[in-house]
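Open your viewer and keep the selection box handy. We will go from stop to stop, selecting a few residues at a time and looking at what surrounds them.

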Amino acid sequence: MSNPSDSELGQKFGRFRILIIGRANAGKTTILQRVCRTRENPDIYDGAGQKIDPTILMASRERGLHDIENEMVFRTNPRFIFHDSRGFEAGGRSEFDKVQAFIASRSKRRELKDRIHVIWYCIPMDEDNRSSTEAEVKFFSQCDTGSIPVIVLFTKFDALYDDEFAELTSKGVSRKDAEAQAAQNARKSFDNGPQVKLLYDRERGRRPPKCHICLPDMDKDNADCGPLIERTAEILDDDVLKQLFVSTQQIHLELCIRYAVER
């Protein structure tokens, strides 16, 4: 039996749905904008598919109200639907319970188009205290995501380049050489550091993600989120979901060609 075409996938399974989690100022919106190739803010729809007036939405946020069921859709790529766990970073039990209930509910939906297909968990690296927050510890030790794959996005990773540059120059390395070495040294130190080891530590009752990815310079015009697209495609075990994701994204042409050849 032949694989369905991209248009047939869209008609049968709808759009690709992503839950993005992370504390405030983790760079979530910036990443979604890069994925959808825009600098505009998304349109927001309620669970019934009705567009929400931005002024009403802002008033709700100012009162601390947020509905994770709301759908974020960018006009440049409406085949993606994003859900935001705004407020989850507080680490409170009620916020955690809402996220966990949403994941559990969406993972059991009968229709594939209504399920969450992947979770992107954002952890920013530009803060002085880069230890895991209570919300992050709770999520990766208590939240059962079922068959929904999770990728950790270490956002604002270029902040570590600045730290490494400062350390190299303090040791007498020239500014030119330090600039050339900073990114590679920062990545090597981070990959061998405690934060990554803790993330995958099953002995402490952890529920580790499928993988993690480091995302620097997402605020720049030439930001490259191709690696995020590629890793997301790689961790999708379901061939239909993989094809749906590959056909939905618009920034990694090589991935589309590669997948078309493989299938």
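Start with K156, which is partly exposed with a relative accessible area of 28% (buried means under 20% relative accessible area, exposed over 50%, and partly exposed in between, with a 1.4 Å probe and protein chains only). Before you go further, note that this is a predicted model, in which local features need pLDDT of at least 70, side-chain atom pairs count only at pLDDT 80 or more, and totals for chains, interfaces and linings use all residues. Residues are numbered from 1 along each chain as its sequence is written, and side-chain values use heavy atoms, with hydrogens and water left out.

**Stop 1: two loops with positive phi**

K156 sits in the loop between β6 and α6 (158–170). Helices (H or I, at least four residues) and strands (E, at least two) are DSSP runs, numbered from the N terminus. Check the backbone here: K156 has a positive phi of about 55° although it is not a glycine. Most residues other than glycine have a negative phi.

Now select N25 for a second case, with phi near 65°. You will find N25 in the loop between β1 and α2 (28–35), and at a relative accessible area of 64% it is exposed.

**Stop 2: strand β6 and its neighbours**

Select residues 150–155, which make up β6. Is this strand mostly covered or mostly open? It is mostly covered, with 6 of its 6 residues buried. Show the side chains: V150, V152 and F154 point one way, while I151, L153 and T155 point the other. In a regular strand the side chains alternate between the two faces of the sheet.

Next, add the strands that pair with β6 (two strands pair if DSSP finds at least two bridges between them). β5 runs parallel to β6 and is joined to it by 6 bridges. β7 (residues 211–215) also pairs with β6 in the parallel sense, over 5 bridges. V152 is a handy landmark: its bridge partner in β5 is Y121, and it stands opposite H212 in β7.

**Stop 3: helix α5**

Move to α5, residues 134–142, and colour A135, E136, K138, F139 and F140, which are buried. What do the buried residues of α5 pack against? Their partners are β1 (16–22), α4 (93–107), β5 (118–124), β6 and α8 (194–199), where contact means heavy atoms within 4.5 Å.

**Stop 4: salt bridges**

Side chains of opposite charge can pair when their charged atoms come close. The whole structure holds 16 salt bridges (a side-chain nitrogen of Lys or Arg within 4 Å of a carboxyl oxygen of Asp or Glu).

Select E71 and R17, whose closest N and O atoms are 3.0 Å apart in their salt bridge. E71 belongs to β3 (residues 71–73) and R17 to β1, so this pair ties together parts that are 54 residues apart in sequence. Both residues are buried.

Then select E69 and R106, another salt bridge, with the closest N and O atoms 2.7 Å apart. This pair also links distant parts of the chain: E69 is in the loop between α3 (54–62) and β3, and R106 is in α4, 37 residues apart. E69 is partly exposed at 23% relative accessible area, whereas R106 counts as buried at 5%.

For a network of salt bridges, select D43, K51 and R75 together.

**Stop 5: helices α9 and α10**

In α9 (residues 226–235), R231 and E234 are 3 residues apart, about one helical turn. Their side chains meet in a salt bridge of 3.1 Å, N to O. R231 is partly exposed at 30% relative accessibility, and E234 is partly exposed at 46%.

Keep E234 selected and bring in α10 (residues 239–248). I229, T232, A233 and E234 in α9 meet K242, F245 and V246 in α10. The two helices pack at an angle of about 165°, with their axes 9 Å apart. Axes are lines fitted to C-alpha atoms, for helices over the stretch in contact, and angles run from 0 to 180 degrees between N-to-C directions. α9 and α10 are therefore roughly antiparallel to each other, a label for angles over 145 degrees.

Definitions and conventions:
Angles under 35 degrees count as roughly parallel, over 145 as roughly antiparallel, 65 to 115 as roughly perpendicular and the rest as oblique.
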